[in-house]
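Q: Please take a close look at the salt bridges in this one. Then show me what surrounds them in the rest of the chain.

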Amino acid sequence: YELAKRNAFRGGEKVSFKIFGSYEWQTGAGNAGHNPLLNSYEIGTQLALRFPRVVFPGISRRRVRHYATTQFTLDADWKNRSNFFNMVSFGLGATYHWYKRETSQHELTLFNLEFDKLNHTTPAFDSIMQANPALYVSMRDQFVPSLSYTFTYQSRTWRSHPWWVQLSFKEAGNLTSLGYALAGQKLTQRGKKLFGNPFAQYVKFTAEAHKLFKFTPDTKLAARLFGGIVYSYGNSNAVPYNDQFYVGGANSIRAFTVRSVGPGRYKPDKSRYSYMDQTGDVKLEANVELRTRLMGDLHGAVFLDAGNVWTLRADPQRPGSQ
């Protein structure tokens, strides 16, 4: 749900307030043959102010010769994982979006600061954290100061076989760690804090491509390829849980539920732990789908999905995951 006020300050600005949420459940028998009945949900809000120009000290409108917008955001997100934990995340950021041609778009988040906090945990969750130190580091209370850049290319709509490519890069904690280095602390030293809490340090790169082959007006073949890698170092040895990769679900490997594949050859003893244990640092995923019209307004598709995630470091708690 979104509530927006356009031309808020008589200069084409837009002020918007969003409320969003999701709910997921699993009712089938798990790996251990029991019915876990996982009920998890997420609720979030975002307050955004968007300007139809670049808002940055020293840059005037005359110097920008292409379409550009600037957006400042303040958001909050609440995740509840049934029988384990609930987590609250707060964030604020500044993002610039611009393009000179409609086929190529750029997005630069020059500043983004998030704070993740575990509000409540259960004894079962605490026992998992004690047995898996890396998982504990990824889900602890921490700041994530980051900047990111995304490039998107989309071919012209008149092409017979249109395609779409998106490349994204994100870094977190490096500028903060550099500030500590200037103060005399080593870049490799761990345990550094921001406002009294640890901060994450990592780099992340993703690439995704789509291709559509049109055989007839009613028959098409859609293909998708995704690859990503994230590497933690310096102040942390694990990537925050929200930035790790996973596969499974309606928008991924459709034969499996969300976060129920991998990493690697690893299989958890209890499927109700899968949404925590089955994440990774590397992801490869491919989908191909043949779409056609069956009759009238009834359409159908035959698809094939493949993919997995892996860890970059050996994890004794998840054998076969590297």
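A: Let's fix the term before anything else: a salt bridge here is a side-chain nitrogen of Lys or Arg within 4 Å of a carboxyl oxygen of Asp or Glu. By that rule, the count is 15 salt bridges.

A word on the ground rules. This is a predicted model, where local features need pLDDT of at least 70 and side-chain atom pairs count only at pLDDT 80 or more, while totals for chains, interfaces and linings use all residues. Residues are numbered from 1 along each chain as its sequence is written, and side-chain values use heavy atoms, with hydrogens and water left out.

For orientation, the chain has 4 helices and 14 strands; these are DSSP runs numbered from the N terminus, with helices being H or I of at least four residues and strands E of at least two.

Start with Glu-13 and Arg-53, whose closest N and O atoms are 3.6 Å apart. Glu-13 sits in the loop between strand 1 (2–6) and strand 2 (14–26), and Arg-53 in the loop between strand 3 (38–51) and strand 4 (67–81), so this salt bridge ties together parts 40 residues apart in sequence. Both Glu-13 and Arg-53 are buried, where buried means under 20% relative accessible area, exposed over 50%, and partly exposed in between (1.4 Å probe, protein chains only).

Next up is Asp-218 with Arg-293, at 3.3 Å between the closest N and O atoms. Asp-218 is in the loop between strand 11 (202–216) and strand 12 (219–232), and Arg-293 is in strand 13 (residues 282–295), so the pair links parts that are 75 residues apart in sequence. Buried or partly exposed, what is Asp-218? It counts as partly exposed because its relative accessibility is 34%. Arg-293 is partly exposed too, with a relative accessible area of 41%.

Then there's Arg-254 and Asp-305, with the closest N and O atoms 2.9 Å apart. Arg-254 belongs to the loop between strand 12 and helix 4 (274–277), and Asp-305 to strand 14 (residues 298–310), so the bridge ties together parts 51 residues apart in sequence. Here the two partners don't fall in one class: Arg-254 is partly exposed at 29% relative accessible area, whereas Asp-305 is buried at 15%.

Not every bridge stands alone, either: Glu-208, Arg-224, Lys-283 and Glu-285 are linked in a network.

The loop that holds Arg-254 has a couple of backbone oddities. As background, most residues other than glycine have a negative phi, and most peptide bonds are trans. Yet the peptide bond from Gly-262 to Pro-263 is cis, with omega near 0 degrees, and Pro-263 is in the loop between strand 12 and helix 4. Arg-259 is in that loop as well, and its phi is near 55 degrees, a positive value in a residue other than glycine. Arg-259 is also buried, with a relative accessible area of 6%. Over in the loop between strand 1 and strand 2, Asn-7 has a positive phi of about 50 degrees without being a glycine. Asn-7 is partly exposed, with a relative accessible area of 35%.

Now the nonpolar side of things. A nonpolar core is a set of buried Ala, Val, Leu, Ile, Met, Phe, Trp, Tyr and Cys residues joined through side-chain atoms within 4.5 Å. The largest one has 12 residues, including Ala-200, Tyr-202, Val-230, Val-239, Phe-245 and Val-309. Apart from that core lies another of 11 residues, with Met-87, Phe-125, Met-129 and Tyr-241 among them. Leaving aside neighbours within four places in sequence, Val-230 is in contact (heavy atoms within 4.5 Å) with residues including Tyr-202, Val-239, Phe-245, Lys-204, Asp-243 and Asp-281.

Gln-142, in strand 7 (residues 142–154), is buried at 0% relative accessible area. Not counting residues up to four places away in sequence, Gln-142 touches Ala-200, Glu-114 and Asp-116, among others.

Finally, the whole chain. Buried residues make up 41% of its 322 residues. Among contacts between residues at least 6 apart in sequence, 61% join residues at least 24 apart. The C-alpha atoms fill a box of roughly 65 × 60 × 35 Å along the principal axes.
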